[in-house]
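Visitor: I would like to go through this model with you, one question at a time. Please set out the conventions as they arise.

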Amino acid sequence: VIEQELMKTGWFDDAAVTSKELPALGIVPVACCVLKPGIRFNQMETIKRLSASLPSNHIPASFVLCEAVPRTQSGKIMRRQLAGLINK
């Protein structure tokens, strides 16, 4: 659901969401996104856009911009590699 809402913004070529534990917040969503060419990422605008359609606990606590979301040949997200990207 979160990935779909990120894609609806029109700002990303691909997106994947996983979770991460933060000491003060507990387990929160984190988005790994591939920006479309020519788009400048604005975290506050992205959060504002997502807040219109998602509950507050579904809004990513952080966004990681990457070159590509790690996927298998069949298109499934490679969760371990994704975790490696968000924990850099």
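Visitor: Which elements make the right-handed β-α-β unit?
Guide: This is a predicted model, in which local features need pLDDT of at least 70 and side-chain atom pairs count only at pLDDT 80 or more, while totals for chains, interfaces and linings use all residues. Residues are numbered from 1 along each chain as its sequence is written, and side-chain values use heavy atoms, with hydrogens and water left out. Helices (H or I, at least four residues) and strands (E, at least two) are DSSP runs numbered from the N terminus, and a crossover is right-handed if, with the strands pointing away from the viewer, the path from the first strand over the helix to the second runs clockwise. The unit of that hand is made by S2, helix H2 (residues 43–51) and S3.

Visitor: What pattern does the protein chain follow along the sequence?
Guide: The protein chain has 3 helices and 3 strands. Read along the sequence, their pattern is α-β-β-α-β-α.

Visitor: What is the order of the strands in the open sheet?
Guide: Two strands pair if DSSP finds at least two bridges between them. S1 and S2 run antiparallel and are joined by 10 bridges, with a hairpin of 3 residues connecting them. S2 and strand S3 (residues 62–65) pair in the parallel sense over 4 bridges. The pairing in this open sheet of 3 strands is thus mixed, and the order is S1-S2-S3.

Visitor: Which strands stand at the edges, and why is one side of each left without a neighbour in the sheet?
Guide: Each edge strand has a single partner strand, so one side of it is left without a neighbour in the sheet. The strands in this position are S1 and S3.

Visitor: Which residue in S3 stands opposite Cys33?
Guide: Two facing positions in S2 and S3 may be named. Ala31 stands opposite Phe63 in S3. For Cys33, the residue opposite is Leu65.

Visitor: What angle does the direction of helix H3 make with that of S1?
Guide: Axes are lines fitted to C-alpha atoms, for helices over the stretch in contact, and angles run from 0 to 180 degrees between N-to-C directions. Helix H3 (residues 79–86) packs on the sheet and touches S1, S2 and S3, where contact means heavy atoms within 4.5 Å. The angle between the directions of H3 and S1 is about 75°.

Visitor: Which element gives the largest share of the largest nonpolar core?
Guide: A nonpolar core is a set of buried Ala, Val, Leu, Ile, Met, Phe, Trp, Tyr and Cys residues joined through side-chain atoms within 4.5 Å; buried means under 20% relative accessible area, exposed over 50%, partly exposed in between (1.4 Å probe, protein chains only). The largest such core has 11 residues, including Ile2, Phe12, Leu50 and Phe63. H1, strand S1 (12–22) and strand S2 (26–35) each give two or more residues to this core. The largest share, 3 residues, comes from S1.

Visitor: Why is S2 described as largely enclosed by the rest of the structure?
Guide: The description rests on burial, since S2 has 10 residues and is largely enclosed because the buried ones number 7.

Visitor: Does Glu5 count as buried or exposed?
Guide: Glu5 lies in helix H1 (residues 2–8). Not counting residues up to four places away in sequence, Glu5 touches Leu50, Ser53 and Leu54. Its relative accessibility is 15%, and therefore Glu5 counts as buried.
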